Amino acid sequence: MDVSNLLAAQTSKFQSVAVEKDTPLDVDAGFLTVTDLNPIDEESYRSNLEDYLKSTARDGIQALVAALYALPIESSVDGPFAKLPPPTTQLPRAKPLPKPKQPTKWERFAAAKGIQKKRRDKKVWDEEKQAWVNRWGRDGKNKETEDQWIHEVKANADVDFDPVQAARNERKSRVAKNERQRLQNLARAQAAQSEKEKRKAELDQTLAATRTSTASMGKFDKKLEGDKKMRGVKRKFDPTEISAEKEKEASLAVLSQLDGDAKRAKIAKGTGDDVVNVRKAIRAVSKGKGGVALGRELSKSSKKDSGKGKRGKR
């Protein structure tokens, strides 16, 4: 019995697992993505869109599954699994790159002198204990002087000198010095950053002032690359035809503002309404003759009064 026709018919129902295209598919197993760079077949796309999309998706999934089966497989309790390789597709960052930190005083000195930074181990070898001990912290090597059972004391030391307390104070002073230097580095970096932000704010303020200095409020000015659109800057024009009552109110408002400025200027100079106008008072008392004439009259009247007093005494 010849069953070749049946086998051929059954095989024709299933496509080959090998995907062959003019441009090979770009498979990124790390991200489980497939990129098809082949141009779209317009005839198949327009004739039957649904079948064309299914065929393209089938080819992509088949290429991805073949790439996953090519990875080394390990067995586990949950079954066999494959470890994905590192992704090859470069994705854009969701956030901007972090700003570089300001170098500390020691980092600048080390860069100028060419000193390479070496990471110190947390454990050091203790010859006496013949074991690895902590460099800092509990039972640290830095407390070796404090924990030793005998200390060398200078001949001119005080009677109540405590070498253990002296070693502890010296260690505490080093810790305080390091902390002080750390705070100084932070303050220096913050000052540099604040100075930069302050300068930027001043430039933005100056630029905004120059934009609004024209009659069009900078609408027709030449824009620089990267300039942001000014918000909240809008010139208001009064209507050309207004009623006589509104025009009168506007004029009175301008006059009242000028009158207020004049009064403030007088008060600042000390010639306000609360100060007596001397020249006006002299003109009123002398009946328009002036200060000189008033002075002569006062001198004459004082002489007459003095003469009458002398005669009365005799």
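In what follows, a residue counts as buried when its relative accessible area is under 20%, as exposed when that area is over 50%, and as partly exposed in between. The structure is a predicted model, and the exercises below work through some of its local features.

**Exercise 1. Decide whether R58 and D59 are buried, partly exposed or exposed, and describe the contact between their side chains.**

Step one is to place D59, whose relative accessibility is 12%; because buried means under 20%, D59 counts as buried. Step two is to place R58, which has a relative accessible area of 25% and is therefore partly exposed. Step three is the contact itself: the side chains of R58 and D59 meet in a salt bridge, with 3.2 Å from N to O.

**Exercise 2. Find which salt bridges lie within helix α6, and state how far apart their partners are along the chain.**

Begin with the total, which comes to five salt bridges. One of them joins R174 to E170, and the closest N and O atoms of this pair are 3.7 Å apart. R174 and E170 are four residues apart in helix α6, so about one helical turn separates them. As for accessibility, R174 counts as partly exposed at 42%, and E170 likewise counts as partly exposed at 49%.

Another salt bridge is formed by the side chains of R182 and E179, at 2.6 Å from N to O. Both of these residues also lie in helix α6, where they are three residues apart, or about one turn of the helix. R182 is partly exposed, with a relative accessibility of 42%, and E179 is partly exposed as well, with 35%.

A last step turns to bridges that share partners: K21, D36, R58 and D59 are joined in this way into one network.

**Exercise 3. Describe how strands β5 and β6 are arranged, and say which residues stand opposite one another.**

First, fix the strands: β5 covers residues 123–126, β6 covers residues 131–134, and the two pair in the antiparallel sense over four bridges. Second, look at what connects them, since β5 and β6 form a hairpin with four residues between them, and Q130 in the turn has a positive phi of about 55°.

Third, assign the faces of β5. In a regular strand the side chains alternate between the two faces of the sheet. In β5 the covered face holds V124 and D126, while K123 and W125 are on the uncovered one. Fourth, look across to β6, where W132 stands opposite W125 and V133 stands opposite V124.

**Exercise 4. Characterise the aromatic pairs Y45 with Y52 and W125 with W132 by distance and angle.**

A search of the whole structure finds three aromatic pairs. In the pair of Y45 and Y52 the centres are 6.0 Å apart and the planes make an angle of 85°; because planes over 60 degrees apart count as edge-to-face, this pair of Y45 and Y52 is edge-to-face. The accessibility of Y45 is 38%, which means that Y45 is partly exposed.

The pair of W125 and W132 is solved in the same manner, with 5.5 Å centre to centre and 70° between the planes, and this pair too is edge-to-face. W125 counts as partly exposed at 34% relative accessibility, whereas W132, with a relative accessible area of 57%, is exposed.

**Exercise 5. Describe the largest pocket by its volume, its lining and the elements that contribute to the lining.**

The volume comes first: about 770 Å³ of space lies in the largest pocket. Its lining consists of 18 residues, and those nearest the pocket centre are W106, K118, R120, W136 and N178. Two elements give two or more residues to this lining, namely α4 (105–113) and α6 (163–211), and the largest share, four residues, comes from α6. Sorted by class, the lining has nine charged, five nonpolar and four polar residues.

**Exercise 6. Locate L32 and describe its backbone angle phi and its accessibility.**

L32 is found in the loop between β1 (26–28) and β2 (33–35). Its phi is near 55°, a positive value in a residue other than glycine. The relative accessible area of L32 is 45%, so L32 is partly exposed.

Definitions and conventions. Residues numbered from 1 in each chain as written. Predicted model: local features only at pLDDT ≥ 70, side-chain atom pairs only at ≥ 80, totals over all residues. Heavy atoms only, no water. Buried < 20%, exposed > 50% of the residue type's maximum accessible area, 1.4 Å probe, protein only. Pairing = 2+ DSSP bridges. Phe/Tyr/Trp six-rings, centres within 6.5 Å; stacked < 30°, edge-to-face > 60°. 1 Å grid on protein atoms, 1.4 Å probe; cavity = no way out; pocket = protein on both sides within 12 Å on 5 of 7 lines; lining within 4 Å. Points joined across faces, edges and corners; volume = space filled by probe spheres on them. Nonpolar A, V, L, I, M, F, W, Y, C, P; charged D, E, K, R; others polar. Salt bridge = Lys/Arg side-chain N within 4 Å of Asp/Glu carboxyl O.
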